[in-house]
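Visitor: I would like to learn how to read the features of a model such as this one. Could you take me through it step by step?

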Amino acid sequence: MKSEEIRFPNQNINLAGTLYHPESKPPHPAVVVVHPASSGERTDPFYDHLRSEFPRHGIAVLIFDRRGAGASEGDFKTADFEDLADDVIAGIEYLQTRPDIENSKIGLHGTSQGAWIAPIAAARKPDIACVVAVSASGVSPAEQMNYGVAFHLEQQGLNQAVIAEVIRLRNLVNEYFRGRVSREKAAAELGRFEHETWYEQGYLYPSSELPVDITQSKWHYEMDYEPLSIWKRVTQPTLFIFAEVDEWVPIGQSMVNYQNATAHLSDVSLMQILGTDHLMRNPSGEISEEYMNVLLDWLKSRLAISGF
């Protein structure tokens with residue numbers, strides 16, 4: 001494997017990344033990695049399995065610092081999913097200028113939030129070769145967070161009455177961000193419970209820190225994002241991969257929702273990998289070997305790679 005530091009522009013910002021090449025003779029097919037919410041820098045250990053395994057199997061991989069992270073310019077806090085998809089497209093268009101990359105064989109790999117952003121890029125750029133969506137939530141961010149909070153509280157042994165109270169408070173805060181409840185009412189209700197030991201575990205604002213201007217909050221713009229309709233504009237071969245047990249994604253509901261949303265696609269697969277979590281780790285905390293085998297076999301088939 002060879003690595004190369006690169007920079008590419010998207011409108012008025014420059015993004016920095018690393019391109020990892022196979023040692024075989026170019027040109028190579030490639031995959032651009034789309035970030036999950038919590039891993040904005042390319043040096044994050046989460047990406048180790050992609051930077052090591054893809055080149056070994058004949059696939060170049062571009063991992064770049066998300067805007068506002070690492071050496072990339074821009075502001076993540078003010079960026080929406082459309083902006084982030086534009087950054088991904090800019091990375092693809094950069095790769096398409098390179099003689100060592102097969103410009104008709106560039107796919108996307110997105111995990112979690114990245115699996116929401118990847119189809120936006122694919123819909124805008126039909127010459128993207130394929131899409132891999134890992135741990136994609138088939139419900140809105142607001143619904144997903146309620147699911148995740150309830151999952152974690154249940155794992156910690158809290159009773160259902162407490163969990164229901166936490167979700168009620170979360171829904172009240174969401175209504176505030178939708179502009180349907182006053183700040184005074186939301187803050188007063190939060191204040192009644194913020195002394196409880198479970199309060200912070202519910203990802204609830206301290207009453208005094210509830211934003212005064214909801215339009216300055218990223219949550220205001222993203223909480224009701226609907227992740228299904230974009231797939232009607234996607235035409236590329238697509239692989240969905242889900243965990244066996246996911247702390248952040250309602251797997252059953254998501255699989256049904258995405259199956260319905262992609263019914264028009266002639267090449268779509270939805271797979272669940274046993275023994276994995278949200279980030280495709282096994283019980284030992286390592287990336288699942290079965291997941292990697294499924295991922296690599298599917299990509300090599302769609303990118304027409306042989307001899308590896």
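**The hairpin, the empty spaces and the core**

Guide: β1 and β2 form a hairpin with two residues between them, and Gln11 in the turn has a positive phi of about 55°. Strands and helices here are DSSP runs numbered from the N terminus (E, at least two residues, for strands; H or I, at least four, for helices). The model is predicted, so local features need pLDDT of at least 70 and side-chain atom pairs count only at pLDDT 80 or more, while totals for chains, interfaces and linings use all residues. Residues are numbered from 1 along each chain as its sequence is written, and side-chain values use heavy atoms, with hydrogens and water left out.

Visitor: How many bridges join strand β1 to strand β2?

Guide: Two strands pair if DSSP finds at least two bridges between them. Here nine bridges join β1 (residues 2–10) to β2 (residues 13–21), and the two strands run antiparallel, with Ser3 standing opposite Tyr20 in β2.

Visitor: Is Gln11, in that turn, buried or exposed?

Guide: Buried means under 20% relative accessible area, exposed over 50%, and partly exposed in between, with a 1.4 Å probe and protein chains only. Gln11 has 74% relative accessibility and therefore counts as exposed. Ser112 also has a positive phi, of about 60°, although it is not a glycine; it is found in the loop between β5 (101–111) and α3 (114–124), and because its relative accessibility is 14%, Ser112 counts as buried.

Visitor: Where is Pro27 placed, and what kind of peptide bond joins it to Pro26?

Guide: Pro27 is in the loop between β2 and β3 (28–34), and the bond from Pro26 to Pro27 is a cis peptide bond, with omega about 5°.

Visitor: How should I read empty space, and what is the volume of the largest pocket?

Guide: Rolling a probe the size of a water molecule over the atoms shows where empty space is left. On a 1 Å grid over the protein atoms alone, a cavity is a set of points where a 1.4 Å probe fits but cannot get out, whereas a pocket is an open set with protein on both sides within 12 Å along at least five of seven lines; lining residues have an atom within 4 Å of a point. Grid points are joined across faces, edges and corners, and a volume is the space filled by probe spheres set on the points. The largest pocket holds about 920 Å³ of space, and of its 29 lining residues the closest to its centre are Ala37, Gln113, Met145, Trp219 and Trp248.

Visitor: Which residues line the largest cavity?

Guide: The search of the whole structure finds one cavity of 30 Å³ or more, and the largest cavity has about 50 Å³ of space. Its lining is made of Val34, His35, Phe64, Arg66, Leu84, Asp87, Val88 and Ile117, and the largest share, three residues, comes from α2.

Visitor: How many residues does the largest nonpolar core have?

Guide: A nonpolar core is a set of buried Ala, Val, Leu, Ile, Met, Phe, Trp, Tyr and Cys residues joined through side-chain atoms within 4.5 Å. The largest has 74 residues, and those with the most contacts inside it are Val32, Phe54, Val88, Leu95, Leu108 and Leu299. Helix α2 (residues 81–95) gives the largest share of this core, nine residues.

Visitor: Which residues is Val88 in contact with, leaving aside its neighbours within four places in sequence?

Guide: Taking contact as heavy atoms within 4.5 Å, Val88 touches Val32, Val34, Phe64, Leu108, Ile117 and Ala121, with those neighbours left aside.
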